[in-house]
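Good morning, everyone, and thank you for making time for this short talk. Please have the sequence and the model open in front of you, and follow along as I go from one part to the next.

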Amino acid sequence: MANLRISLAAAVIQAVLFTDSEALWCNCTTAQCEKTGSQCETDGACMASTSFIEGQEQHIRICITRDDLVPPGQPFYCRSAEGLLNIHCCYTNYCNSIDLKVPSGREGGDSSGGTWGLVELVAVIAGPLFLLCLLLLVGMFLYQYHQRAYNHRQRLEVEDPSCDHLYMAKDRTLQDLIYDLSTSGSGSGLPLFVQRTVARTIVLQEIIGKGRFGEVWRGRWRGGDVAVKIFSSREERSWFREAEIYQTIMLRHENILGFIAADNKDNGTWTQLWLVSDFHEHGSLFDYLNRYSVTTEGMIKLALSAASGLAHLHMEILGTQGKPGIAHRDLKSKNILVKKNCTCAIADLGLAVRHESATDTIDIAPNQRVGTKRYMAPEVLDETINMRHFDSFKCADIYALGLVYWEIARRCNSGGIHEEYQLPYYDLVPPDPSIEEMRKVVCDQKLRPNIPNWWQSYEALRVMGKIMRECWYANGAARLTALRVKKTLSQLSIQEDIKV
Ligand SMILES: *[C@@H]1O[C@H](CO)[C@@H](O)[C@H](O)[C@H]1NC(C)=O
């Protein structure tokens, strides 16, 4: 590229120099020039060259016309060819009067018999190799330097307050920012450069969780709390995938964890991958149920809000402002957060898949068994799930939702009784069950978590128990849909006179 530019420039200079100037005189060695005193006149260039012809060193001097100076900048006539060595083109009078040196090694070729000594041989082989290595090194260095400079420039652009003043007025809170954006258009979140600016001005406070991907921190941004999920560098794909899912158009919903920003910070030695989201001080539903029992009202609010979130996730909205259907694939009480108003927000969308309805395909090749073994639907455990069919993944989510409902319902305080918190299948499998252990219980023995008889005496618990059973069918297609669960629970909440 650079070469081309230089040769083009040379051609332009040549053209400018010689368009209107007088003729150029050169020394000439050809027979025709004997009449003119061994010189010739040209509008192009003078050329000198030395070559061996039959073992004799010969100096050749000729004129080259402008028309022959092709291609511009690197005319064929001025390049070395077989048998001709040391070609020199020049553009001043008699400039080709010089005697070019013949490269050593060829000189007196007869006496040396054409065989090279060991030293020359080594030089000929090692020389270019060494040069090649040197070039490679320089190239690599230049590339890295360029990348650094580029990153640096990007960072500067990002942090330049002039380009984000629109969004980043000092007195605006995150809620304002996100509200503006979700009502004004894209619906998928903050623009990327604002995400970076936000992420890079967060001050981490304390670690609040650890997972297979990395850590979760509480951070402060402009006086508000945010949650920061920090992925280890080798989890870059998970980071990217989760950020991608969260930025699905129109995903925002009060019962889905509010996404704020994704950022990859390169601190020189490693890349820090951040996902920034709303912070909910109650933590996960798992933590919450371990700590507190819930009232009937509390149970219905948690269950209904979780169903609303899942229904929104599953639902495909058509149109330009639409959203694809999304299946979660790792629904469990640890992946659902409890908000201040005691409703749920579904989180951890890293394993989710999206449905592309135009082609009826799934946006990534889903691997067979991801997610948490304890919450895996029977068809996932025995690998009979039809992975080409998007609805299969929704049905597997519903099975997991049923298990979460069981965890909530056990903690419901009805008539002064409630049970201690337990994970589903706590009485049937060991603490960290293998797929095989789960499969035996769920597929072979067809067991499900126990629904106590006394639940029948309380309307809310009776309805919850019925929903659970209908979420747990072995046949995925027979299970309720999230929308159906949501409607049933809405009715129940009206019946129980609960404001949600
Ligand atoms: C080239 O031409 C100039 C002018 O005619 C002359 O003085 C000079 O000796 C020539 N050089 C050679 C090497 O013939």
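Let me begin with a torsion angle: about the S-S bond of Cys40 and Cys63 it is about 100 degrees, so this disulfide is right-handed. Please keep in mind throughout that what you are looking at is a predicted model. For anyone new to the term, a disulfide is a covalent bond between the sulfur atoms of two cysteines. In the pair I have just named, Cys40 is joined to Cys63 with a distance of 1.9 Å from S to S. This pair links distant parts of the chain, since Cys40 belongs to strand 2, which covers residues 39-42, while Cys63 belongs to strand 4, which covers residues 56-64, and the two cysteines are 23 residues apart.

Are these two cysteines buried or exposed, or something in between? Buried here means under 20% relative accessible area, and partly exposed means a value between that and 50%. Cys40 has a relative accessibility of 11%, so it counts as buried, whereas Cys63, with a relative accessible area of 22%, is partly exposed.

How many disulfides does the model have in total? The count comes to four, and I will describe two more of them. One of them joins Cys28 to Cys33, again with 1.9 Å from S to S, and the torsion about its S-S bond is about 60 degrees, so this disulfide is right-handed. Cys28 counts as buried because its relative accessibility is 6%, and Cys33 is buried as well, with a relative accessible area of 8%. Another disulfide joins Cys90 to Cys95, where the sulfur atoms are 2.0 Å apart; the torsion about that S-S bond is about 95 degrees, so this disulfide, too, is right-handed. Both Cys90 and Cys95 are buried.

By contrast, Cys342 is in no disulfide, and the nearest cysteine sulfur, which belongs to Cys344, is 9.4 Å away. Cys342 is partly exposed, with a relative accessible area of 23%. Cys471, for its part, counts as buried, because its relative accessibility is 0%.

Let us turn now to the ligand. Which residues are around it? They are Asn27, Gln39, Arg61, Tyr94 and Ser97, and, sorted by class, this shell has one nonpolar, three polar and one charged residues. A polar side-chain atom of Asn27 lies 2.5 Å from an oxygen atom of the ligand, and a polar side-chain atom of Ser97 lies 3.2 Å from a nitrogen atom of the ligand. Taken alone, the ligand exposes 360 Å², and the protein buries 44% of that area.

Arg61, one of the residues around the ligand, deserves a little more of our time. Arg61 is found in strand 4, and it is buried, with a relative accessible area of 13%. Its side chain reaches the backbone oxygen of Ile98 at 2.7 Å, and the side chain of Arg61 also makes a polar contact with the side chain of Asp99, at 2.9 Å. If we leave out residues up to four places away in sequence, the residues that Arg61 touches include Asn27, Cys28, Ser97, Ile98 and Asp99.

Next, I would like you to find Asn255. Where along the chain does Asn255 sit? Its place is in the loop between helix 6, residues 236-246, and strand 9, residues 259-266. With a relative accessibility of 5%, Asn255 counts as buried, and its side chain reaches the backbone oxygen of Cys344 at 2.9 Å. Not counting residues up to four places away in sequence, Asn255 touches several others, among them Ser305, Gly309, Thr343, Cys344 and Ile346.

Finally, let us step back and look at the protein chain as a whole. Its secondary structure comes to 13 helices and 15 strands, and buried residues make up 41% of its 500 residues. Among the contacts in the chain with a separation of 6 or more, residues 24 or more positions apart account for 61%. The protein chain exposes about 27,600 Å², and carbon and sulfur atoms supply 56% of that area.

Notes: Residues numbered from 1 in each chain as written. Predicted model: local features only at pLDDT ≥ 70, side-chain atom pairs only at ≥ 80, totals over all residues. Heavy atoms only, no water. Near = heavy atom within 4 Å. Polar contact = N/O pair within 3.5 Å; in protein donor to acceptor, adjacent residues only side chain to side chain. Areas by Shrake-Rupley, 256 points an atom, 1.4 Å probe, with all protein chains shown as cover. Nonpolar A, V, L, I, M, F, W, Y, C, P; charged D, E, K, R; others polar. Disulfide = S-S within 2.5 Å. Buried < 20%, exposed > 50% of the residue type's maximum accessible area, 1.4 Å probe, protein only. Helix = DSSP H or I, 4+ residues; strand = E, 2+ residues; numbered from the N terminus. Contact = heavy atoms within 4.5 Å.
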